[in-house]
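Here is a walk through how the pieces of this fold sit against one another. Keep the viewer open and follow along.

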Amino acid sequence: MMAQEQIVLDIPASHENNIFGRLDAHLKKIERTLQVEVVLRDGSVRITGESERVGEADRVFGELLKLSERGNTITEQNVDYVLSLTQEKSPVSLADIDKELVGFTIQGKPIKPKTLGQKKYVDAIREKMMVFGVGPAGTGKTYLAMAMAIQAFKQDEVGKIILTRPAIEAGENLGFLPGDLQSKIDPYLRPLYDALYQIMGADGFIKNSEKGLIEVAPLAYMRGRTLDNAFIILDEAQNTTPAQMKMFLTRIGFGSKVVITGDLSQKDLPFAAVSGLEQALKVLRDVEEIGVSYLTNKDVVRHPLVQKIVHAYEKFEAREQYRENRKNHHSQKRK
């Protein structure tokens, strides 16, 4: 039988509610995951359980206290991530990741990477002229790139921000939709506008947009242009054709920074069509000035349910791929 241990932690009363969560939801999750008992008594926290588990709980509460002391609202995602780092015995500290500041929303909320994958992505954008951010929904690929673009623009590192994505599908067939061209395009660019408004505010966006300093446009509008001194984000890049991707990549001019984001598991291209993103990652993998950040379901920062959904799909797709490979292998053997 493993040795039992009890330790007492001192968590200031001003941080208790934040760390323990609403109705002690975070505390219960830590107890359940690490199989320890946590009791709050006389302003101190008593943790009882197997020695190794108590040590892990000590680290988890220590990390969450550091986050809280920095003014963060502790989320379920924070608790999940600290628990996974602790159980993996990772030397990475969420409190260290949290030191990185990208910028602020219009409400003054700090924008920071929340996982190691996100921190590496932000570092790559700072260091490289061009970065591919590849990963599932909810990993902050576009949002962090937008925040970096707005920061670079505010600090006069670039003179313009250009945000683009292929409309609907690779063919960009917008003709059948009702309304003028702008009203046809807007629904496909709406997620970009939403992030812009949150970081820059509607007034700031409209003012800079009217001056031509911020442009949100479908990828087709990039043809025939050279994009100098701009921060350019190509979003949903998995839906580009190889020809579109090559066209985009060869538009890049001097003084520009480029971030290309996409999720290879969510292609809307016709069946069996090659994705421009997939091809570009193969073609450009040895070019030193280009960074590639692969984010995973561990970097999902939306509701924890999204992380579970992404993980379930990854497992399902891996099983399907395995079955397909076995089927092909057996059919070739029969030939």
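S2 and S3 run antiparallel, with five bridges joining them. This is a predicted model, so keep that in mind as you look around. For one spot to click on in this pairing, try Val39, which stands opposite Arg46 in S3.

Zoom out a little and the pair turns out to belong to an open sheet of three strands, in the order S1-S3-S2, with antiparallel pairing. The edges are S1 (4-10) and S2, each of which pairs on one side only. From one strand to the next the twist averages 20 degrees. Lying across S1, S2 and S3 is helix H3, which runs at about 145 degrees to S3.

H3 (residues 51-69) also has helix partners. Here are the two packings side by side:

| Helix pair | Angle | Axis distance |
|---|---|---|
| H1 (residues 13-20) and H3 | about 110 degrees | 10 Å |
| H3 and H4 (residues 76-87) | roughly 140 degrees | within 10 Å |

Take H1 and H3 to begin with. At about 110 degrees, the two are roughly perpendicular, because that class spans 65 to 115 degrees. Their crossing is right-handed. On the H1 side the contact uses His15, Asn18, Ile19 and Phe20, while H3 brings Phe61, Leu64, Leu65, Ser68 and Glu69. Sorted by class, that makes five nonpolar residues, three polar and one charged.

How much of H1 is tucked away, and under what? The buried residues of H1 are His15, Glu16, Asn18, Ile19 and Phe20. Their cover includes helix H2 (25-34), strands S2 (37-41) and S3 (44-50), and H3. Just past the end of H1, have a look at Gly21, which takes a positive phi of about 85 degrees.

Now for the other packing. H3 and H4 cross at roughly 140 degrees, which makes H3 oblique to H4. This crossing is right-handed too. The H3 residues involved are Arg53, Glu56, Arg59, Val60, Glu63, Leu64 and Leu67, and they meet Asn78, Val79, Val82, Leu83, Leu85, Thr86 and Gln87 in H4. By class, this contact divides into seven nonpolar, three polar and four charged residues. Leu64 is worth a second look, since it turns up in the contact with H1 and again in the contact with H4.

Within H4, Thr86 makes a handy close-up. Is Thr86 buried or exposed? Its relative accessibility is 4%, so Thr86 counts as buried. Setting aside residues up to four places away in sequence, Thr86 touches Glu56, Arg59 and Val60.

Finally, jump along the chain to strand S8 (residues 214-218). S8 is mostly covered, with five of its five residues buried. In a regular strand the side chains alternate between the two faces of the sheet. S8 is covered on both faces: Ile214, Val216 and Pro218 are buried on one side, and Glu215 and Ala217 on the other. S8 is joined to strand S7 (residues 160-165) by five bridges, and these two strands run parallel. Within that pairing, Glu215 in S8 is the bridge partner of Ile162. So there are two pairings to compare in the viewer: S2 with S3, antiparallel with five bridges, and S7 with S8, parallel with five bridges.

Note on methods: Residues numbered from 1 in each chain as written. Predicted model: local features only at pLDDT ≥ 70, side-chain atom pairs only at ≥ 80, totals over all residues. Heavy atoms only, no water. Axes fitted to C-alpha atoms, helices over the stretch in contact; angles between N-to-C directions. Helix = DSSP H or I, 4+ residues; strand = E, 2+ residues; numbered from the N terminus. Parallel < 35°, antiparallel > 145°, perpendicular 65-115°, else oblique. Left-handed = near helix turned anticlockwise from the far one by under 90°. Contact = heavy atoms within 4.5 Å. Nonpolar A, V, L, I, M, F, W, Y, C, P; charged D, E, K, R; others polar. Buried < 20%, exposed > 50% of the residue type's maximum accessible area, 1.4 Å probe, protein only. Pairing = 2+ DSSP bridges.
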